[in-house]
Number of protein chains: 2
Amino acid sequence: MTIQEPAVARPAGRPRSEKAEKAIIEATLDLLGEGMGVSELSIEAIASRAGVGKTTIYRRWANKEDLVVDALATLKAPLPELSGTSVRDDLISLLDAMRRESAQPRSRCVMNIAMSEADRYPRLTERFVKRAITPRREAMRAVIERGIASGELNPDLDVDMGMALLSGTMLWHTKWAPEGELAPDLAERVVDVVMAGIAPRP
Amino acid sequence: MTIQEPAVARPAGRPRSEKAEKAIIEATLDLLGEGMGVSELSIEAIASRAGVGKTTIYRRWANKEDLVVDALATLKAPLPELSGTSVRDDLISLLDAMRRESAQPRSRCVMNIAMSEADRYPRLTERFVKRAITPRREAMRAVIERGIASGELNPDLDVDMGMALLSGTMLWHTKWAPEGELAPDLAERVVDVVMAGIAPRP
DNA sequence: CCGATACGCAACGGTCCCGTTTCGTAAATA
DNA sequence: TATTTACGAAACGGGACCGTTGCGTATCGG
């Protein structure tokens with residue numbers, strides 16, 4: 001008996017290039033980030049951009065959708081750390097993370113895909129939602145529920161409605177903002193007006 | 001001098017078929033409504049669906065974008081009549097119109113196009129915004145300003161922020177609602193919670 | 001060194017769509 | 001009737017990608 005091989009015995013032959021794999025995924029994200037829709041994305045364009053043969057792509061992914069799913073999965077989703085001092089501060093942190101992400105072309109286009117190509121690519125959307133949307137949704141839900149329990153929020157508030165108010169308002173700004181960046185204090189202003197409401201405070 | 005011809009003298013030859021024109025536009029809207037993006041929309045598919053030769057399309061429109069622009073322009077935008085009794089009622093009317101439109105596949109897909117293909121088709125988006133978005137935006141703006149003036153809304157309210165709150169919350173619901181229809185009283189609930197805010201009322 | 005596998009590259013046949021042209025027919029005016 | 005234009009259908013040459021294959025080279029284990 002000799003020294004153990006690594007847990008998984010490497011098959012004979014030249015190993016696959018990790019560099020090529022990364023280049024392919026980077027090229028995919030680049031093209032998507034430049035505003036290309038999934039349906040317009042071509043394997044040949046990805047291969048060309050990545051400096052790679054088509055063979056190298058087809059050897060790893062069976063179809064375009066699988067590739068895009070893997071590419072989107074590499075977009076890390078580091079949720080902002082929440083201070084936990086006040087519900088208002090935590091909500092501002094969550095919304096400000098949305099604002100910062102909306103400035104990155106890659107995140108922007110991914111959001112577009114998730115929102116408008118959901119019908120055509122259900123698997124893709126499902127995986128993206130599970131990875132990127134759900135954690136944020138649950139984080140916000142936890143903060144709101146904490147606020148209700150602590151008396152910082154209205155005890156009669158419907159949690160889903162509260163999430164729609166906060167997230168929807170931010171989404172609206174990212175979509176229809178006049179071309180430029182969003183105001184740095186946007187998250188704070190949104191949270192304050194959502195909490196106070198638009199009716200006059202007596 | 002003889003009897004006057006119709007104001008515009010009809011040129012000799014067979015006149016263009018209005019029926020074909022309508023069929024082409026209907027086919028275009030159908031295909032878009034079935035979830036097809038503008039870039040995937042092909043003239044051949046439109047011609048086939050409309051039961052028309054490609055020639056008949058190219059004779060009328062120079063390119064796909066012109067056709068889509070004309071097709072979208074036929075989607076009427078009848079703003080809801082506002083009772084004017086209270087700002088709350090008028091806001092509910094406006095938001096409920098959004099809810100009803102979001103149930104129509106054609107309107108849904110048009111919204112998708114406007115939101116996610118805006119970069120690729122600026123002319124199309126510009127015209128669509130001018131025709132469909134701006135009138136609604138201005139109607140809501142007028143209601144909010146009236147509310148501020150009458151004391152029904154907070155005098156310190158930023159009008160654009162108020163519009164983002166109301167429209168964004170509705171948009172969020174239409175996008176992420178669990179597959180089915182939206183609750184019939186959604187508009188009313190949204191307006192009430194936006195007005196009251198989510199903080200506890202003392 | 002040898003066999004095995006991956007690599008980039010180029011070429012393949014096939015499909016879809018492009019925008020144009022041709023053809024025989026239909027519908028209007030003069 | 002003669003002329004003019006529009007119509008649907010079909011075919012064209014051309015381009016973009018598809019997914020596959022063959023080629024010569026590179027890189028691994030044995």
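**View 1. Polar contacts where chain B meets chain A.** Across the interface of chain B and chain A, 17 residue pairs are in polar contact. Four helices of chain B each bring at least two residues to the side that touches chain A: α6 (105-116), α7 (122-150), α8 (159-176) and α9 (186-196). The largest share of that side, 12 residues, belongs to α8(B). Sorted by class, the residues of chain B that touch chain A are 24 nonpolar, 12 polar and eight charged. As you look around, please keep in mind that this is a predicted model.

**View 2. The area buried between the two protein chains.** Let us stay at the interface and look at its extent. Here 44 residues of chain B are in contact with 43 residues of chain A. Between them the two chains bury about 4,000 Å², and 68% of this lies on carbon and sulfur atoms. Which three residues of chain B supply more of its buried area against chain A than any other three? They are Trp172(B), Trp176(B) and Ile198(B), and together they supply 20% of the area that chain B buries there.

**View 3. A salt bridge from chain A to chain B.** Side chains of opposite charge can pair when their charged atoms come close. Four salt bridges are counted between chain B and chain A. One pair to look for is Glu40(A) with Arg120(B), whose side chains meet in a salt bridge with an N to O distance of 1.8 Å.

**View 4. A salt bridge inside chain A.** Over all chains the count comes to 42 salt bridges. In this close-up, the side chains of Glu21(A) and Arg60(A) meet at 2.4 Å, N to O. Glu21(A) belongs to helix α1 (residues 18-33) of chain A, while Arg60(A) sits in the loop between α3 and α4 (64-73), so the pair ties together parts of the chain that are 39 residues apart in sequence.

**View 5. The annotated regions of chain A.** An unreviewed UniProt entry gives us two labels to place on chain A. Its annotation "domain: HTH tetR-type" covers residues 18-79 of chain A. Over residues 18-79 the chain is 63% helix and 0% strand, and the end C-alpha atoms are 28 Å apart. The feature "DNA-binding region" is placed by UniProt, again in an unreviewed entry, at residues 42-61 of chain A. That span is 65% helix and 0% strand, with its end C-alpha atoms 13 Å apart.

**View 6. The protein around DNA strand D.** Now we turn to the DNA. DNA strand D has 23 residues around it, and those that come nearest are Lys54(A), Tyr58(A), Thr56(B), Arg59(B) and Arg60(B). Which part of DNA strand D do the atoms within 4 Å of the protein belong to? Sugar or phosphate accounts for 67% of them, and bases for the rest. By class, the surface near DNA strand D has six nonpolar, nine polar and eight charged residues.

**View 7. Phosphate contacts on DNA strand D.** Three contacts are good places to zoom in. A polar backbone atom of Ile43(A) is 2.9 Å from a phosphate oxygen of DNA strand D. From chain B, a polar side-chain atom of Thr56(B) lies 2.4 Å from a phosphate oxygen of DNA strand D. Arg59(B) has a side-chain N or O atom 2.4 Å from a phosphate oxygen of DNA strand D. The elements giving two or more residues to the surface near this strand are α2 (43-50) and α3 (54-58) of chain A, together with α3 (54-58) of chain B. The largest share, three residues, comes from α3(A).

**View 8. The protein around DNA strand C.** Here 24 residues surround DNA strand C, and the closest are Thr56(A), Arg59(A), Arg60(A), Lys54(B) and Tyr58(B). Of the atoms of DNA strand C within 4 Å of the protein, 62% belong to sugar or phosphate and the rest to bases. The surface near DNA strand C has six nonpolar, nine polar and nine charged residues. At least two residues of this surface come from each of α3 of chain A, α2 (43-50) of chain B and α3 of chain B.

**View 9. Phosphate and base contacts on DNA strand C.** A polar side-chain atom of Thr56(A) lies 2.4 Å from a phosphate oxygen of DNA strand C. Bases are contacted as well: a side-chain N or O atom of Lys54(B) is 2.7 Å from a base oxygen of DNA strand C. The side chain of Arg14(B) places an N or O atom 3.2 Å from a base nitrogen of DNA strand C.

Definitions and conventions: Residues numbered from 1 in each chain as written. Chains lettered and ligands numbered in written order. Predicted model: local features only at pLDDT ≥ 70, side-chain atom pairs only at ≥ 80, totals over all residues. Heavy atoms only, no water. UniProt positions renumbered as here; feature names shortened; annotations may be inferred. Contact = heavy atoms within 4.5 Å. Buried area = accessible area lost by both parts, 1.4 Å probe. Polar contact = N/O pair within 3.5 Å; in protein donor to acceptor, adjacent residues only side chain to side chain. Nonpolar A, V, L, I, M, F, W, Y, C, P; charged D, E, K, R; others polar. Near = heavy atom within 4 Å.
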